[in-house]
Amino acid sequence: MEEKDTPKEYENLTSEDISQQLENITNKETERKNKLHVRTFARDVAEQMKTNSASVVKIALAEQNRQKEYETIVKDNKKQQIIFIIATFIFVVGGSALLAFSLNNKEATVPIPEIATQAPKANSIVFSEQQEIVDVTNFSRAEMIQAILSRIGFIKETGITNIITILKNETSPRTMYGPEFISMIAVNLPETTIPLIENNFMIGVDGDNDFSIFVIFSFKNFDAFVDGFREWEPFLVQDMNRLFAINTSGQGIEVFSKPFQSEILFNKESRVLRDQNQGFVVGYTFLDRNNVVISTNIETIQEVINRYSIQGIQ
């Protein structure tokens, strides 16, 4: 084979020159590759920055939305707390008011409607711990007495109970007047005495003394009233026996015919009927010159006098 001719530019090159040229070529290739690598890295960084910027924006938007949702939840919670507080306050106040009302009215007496200003008040003449209402509208004498006696089973074993009799009419109920009551009970009382009786009167039951019944009448004109009651004395037991349950057992006819006698009971003028053994049968005592109490129990009369005196002092 023929050997190719060496180019003229390389004829005068030594081996050192050739090595230097090869080294320069190698260095240039390396530099070129490095520049390419730098450009690629910079591009990657730029692209990464763009990606990161997009991620930061997304994160910021997400955080903003989360913040809005949190604020909404906080507002809703505050509203619920306010509603709960208001509801709790209403419940507590309402419950307290209901409890106070129940306690205050536990022993409250029933108010009695009045038909007119002339109608007597439901207040008892002497202090009473409780009251019982009895409707006696269109009742006969016997029916009224039975209605009153039927209420004794509902009476407390202590203290005094005021039995209030009422009459109903076309407009509203009213309390029975004293003249109406005594004219039905005391059928033998002189007619001239009835107008002396005031409207306000009291039927009471003494729970501390065998549930004995008493009646208090207010009246005017003391002398005329005393005369009328003395005329009635021979018939008092007969008229009041059913209501007062007067003990006539073993007394025969004598208790109905024996006269009343004047006595001083607890420093009060009284007219008393006693049996053959001087036991107390029935009596009436003047609390003052305008009020009289009738009862079959002397201890009940004493209790009425004590309560009436205390009210007078107050």
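In which strand is the place of Glu-132? In this predicted model, Glu-132 is found in strand S1, which covers residues 130–135, and with a relative accessibility of 10% this glutamate counts as buried. The points below start from Glu-132 and go on to the salt bridges, the strands S7, S8 and S9, the loop residues with positive phi, and a nonpolar patch on the surface.

**Surroundings of Glu-132**

- The side chain of Glu-132 makes a polar contact with the side chain of Arg-151, at a distance of 2.7 Å.
- When residues up to four places away in sequence are not counted, Glu-132 touches Arg-151, Phe-154, Ile-155, Thr-161, Asn-162, Ile-163 and Ile-164, so that Arg-151, the partner in the polar contact, is also among the residues that Glu-132, buried at 10% relative accessibility, touches.

**Salt bridges**

- The structure holds eight salt bridges, and one of them joins the side chains of Arg-307 and Glu-129, with a distance of 3.0 Å from N to O.
- Because Arg-307 belongs to helix H6 (residues 298–313) while Glu-129 sits in the loop between H1 and S1, this pair ties together parts that are 178 residues apart in sequence.
- Arg-307 counts as buried at 12% relative accessibility, whereas Glu-129, at 33% relative accessibility, counts as partly exposed.
- Glu-303 also takes part here, since Glu-129, Glu-303 and Arg-307 are linked in a network of salt bridges.
- A salt bridge is also formed between Glu-233 and Arg-271, whose closest N and O atoms are 2.8 Å apart.
- Glu-233 lies in helix H4 (residues 222–244) and Arg-271 in strand S7, and the pair therefore ties together parts that are 38 residues apart in sequence.
- Both members of this pair, Glu-233 and Arg-271, are buried.
- Arg-174 and Glu-180 form a further salt bridge, in which the closest N and O atoms lie 2.8 Å apart.
- Of these two residues, Arg-174 counts as buried at 13% relative accessibility, while Glu-180 is partly exposed, having a relative accessible area of 26%.

**Strand S8 and the strands paired with it**

- Strand S8 (residues 280–288) is largely enclosed by the rest of the structure, because eight of its nine residues are buried.
- S7 and S8 run antiparallel and are joined by five bridges, with Gly-283 in S8 serving as the bridge partner of Val-272.
- Five residues separate S7 from S8 in the hairpin that these strands form, and Gln-278, which lies in the turn, has a positive phi of about 65°.
- S8 also pairs with strand S9 (residues 291–295) in the antiparallel sense, over five bridges, and in this pairing Thr-285 stands opposite Val-293 in S9.
- The hairpin formed by S8 and S9 has two residues between the strands.
- Strand S7 thus appears in two of the settings described here, because Arg-271, the residue in S7 that is tied to Glu-233 in helix H4, belongs to the strand that is joined to S8 by five bridges.

**Loop residues with positive phi**

- Most residues other than glycine have a negative phi, which gives the context for the two phenylalanines described next.
- Phe-211, a residue other than glycine, has a positive phi near 55°, and its place is in the loop between strand S4 (197–206) and strand S5 (212–219).
- With a relative accessible area of 28%, Phe-211 is partly exposed.
- Phe-266 is likewise not a glycine and has a positive phi of about 55°, and this residue is found in the loop between strand S6 (261–265) and strand S7 (268–274).
- Phe-266 is partly exposed, with a relative accessible area of 32%.

**A nonpolar patch on the surface**

- Ile-82, Ile-86 and Ile-90 form a nonpolar patch on the surface, and together these three residues have about 300 Å² of accessible area.
- One of them, Ile-90, lies in helix H1, which spans residues 15–104, and is exposed, with a relative accessible area of 56%.

Note on methods:
Residues are numbered from 1 along each chain as its sequence is written. This is a predicted model: local features need pLDDT of at least 70, side-chain atom pairs count only at pLDDT 80 or more; totals for chains, interfaces and linings use all residues. Side-chain values use heavy atoms; hydrogens and water are left out. Helices (H or I, at least four residues) and strands (E, at least two) are DSSP runs, numbered from the N terminus. Buried means under 20% relative accessible area, exposed over 50%, partly exposed in between (1.4 Å probe, protein chains only). Patches are made of residues with over 30% relative accessible area and no salt bridge: like charges are joined within 9 Å, nonpolar side chains (Val, Leu, Ile, Met, Phe, Trp, Tyr) within 5 Å. Accessible areas come from the Shrake-Rupley method with a 1.4 Å probe; for residues, only the protein chains shown count as cover. A salt bridge is a side-chain nitrogen of Lys or Arg within 4 Å of a carboxyl oxygen of Asp or Glu. A polar contact is a pair of N or O atoms within 3.5 Å; within protein, one must be able to donate a hydrogen and the other to accept it, and residues adjacent in sequence count only if both atoms are side-chain atoms. Contact means heavy atoms within 4.5 Å. Two strands pair if DSSP finds at least two bridges between them.
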